[in-house]
Amino acid sequence: MLGVGDAALFPAGPKGAHQLVNRSERPARFLMVSTMIHPEVLEYPDSGKVGLMVGAPPGKGDQGGLKVFLRRDAEMGYLEDEPTE
């Protein structure tokens, strides 16, 4: 549990934090700093998803590019659905 003036470090990867939740009745403000460098592949182990992002980071100007979230088990072979001739 974090209180007023507390700081926390959430490492990247499966052991890091994946969301911040305010369970109190009072409003909470927080500053989040990220080291995300595009392209980025994100793993959400709690929900079994992966995210793929290419282009501007969230909140940075033009949101063009690629931003896709998939279930981790939505895999296919490299040549699957490609023409054979």
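**Figure 1. Aspartate 81, in the segment after S3.** In this predicted model, the backbone of aspartate 81 does something a bit unusual to look at: its phi is near 70 degrees, a positive value in a residue other than glycine. Where is aspartate 81 in the chain? Aspartate 81 comes after S3, in the segment that follows that strand. Buried or exposed? With a relative accessibility of 69%, aspartate 81 counts as exposed, because the cut-off for that label is over 50%.

**Figure 2. The whole fold, a β-β-β protein.** Here's the overview to keep in mind for the other close-ups. The protein has three strands and zero helices, and along the sequence they read β-β-β. The chain has 85 residues, and 7% of them count as buried. What about contacts between residues far apart in sequence? Taking the contacts with a separation of 6 or more, 13% come from residues 24 or more positions apart.

**Figure 3. An open sheet of three strands.** The strands line up in the order S1-S2-S3, and the pairing is antiparallel. Which strands sit at the edges? S1 and S3 (66–71) do, since each pairs on one side only. Going from one strand to the next, the twist averages 15 degrees. On the S3 side, S2 and S3 are held in antiparallel pairing by six bridges, and leucine 52 stands opposite valine 68 in S3.

**Figure 4. The hairpin of S1 and S2.** S1 covers residues 40–44 and S2 covers residues 49–54. The two run antiparallel, with five bridges between them. How many residues lie between the strands? There are four, and among the hairpin residues glycine 48 has a positive phi near 70 degrees. So that's a glycine near 70 degrees in the hairpin, while aspartate 81 has a phi near 70 degrees without being a glycine.

**Figure 5. Tyrosine 44 and lysine 49, a cross-strand pair.** Tyrosine 44 stands opposite lysine 49 in S2. What does the lysine side chain do? Its charged end sits over the ring of tyrosine 44, 5.5 Å from the ring centre. Separately, if you're hunting for ring-on-ring pairs, the structure holds one aromatic pair.

**Figure 6. Leucine 42, a buried residue in S1.** Leucine 42 lies in strand S1. Its relative accessibility is 18%, so leucine 42 counts as buried, as the cut-off is under 20%. What does leucine 42 touch, neighbours within four places in sequence aside? The contacts are Met36, Lys49, Val50, Gly51 and Met53. Lys49 shows up again here: this is the residue whose charged end sits over the ring of tyrosine 44. For a view further along the chain, look at alanine 12: it is 30 residues from leucine 42 in sequence, and their C-alpha atoms are separated by 9.2 Å.

**Figure 7. Arginine 72 and glutamate 75, joined by a salt bridge.** How many salt bridges does the model have? The count comes to one. In the pair shown, the side chains of arginine 72 and glutamate 75 meet at 3.0 Å, N to O. How accessible are the two partners? Arginine 72 has a relative accessible area of 46%, so it is partly exposed. Glutamate 75 reaches 60% relative accessibility and therefore counts as exposed.

Conventions
Residues numbered from 1 in each chain as written. Predicted model: local features only at pLDDT ≥ 70, side-chain atom pairs only at ≥ 80, totals over all residues. Heavy atoms only, no water. Pairing = 2+ DSSP bridges. Salt bridge = Lys/Arg side-chain N within 4 Å of Asp/Glu carboxyl O. Buried < 20%, exposed > 50% of the residue type's maximum accessible area, 1.4 Å probe, protein only. Axes fitted to C-alpha atoms, helices over the stretch in contact; angles between N-to-C directions. Phe/Tyr/Trp six-rings, centres within 6.5 Å; stacked < 30°, edge-to-face > 60°. Lys NZ or Arg CZ within 6 Å of the ring centre and 35° of its normal. Contact = heavy atoms within 4.5 Å.
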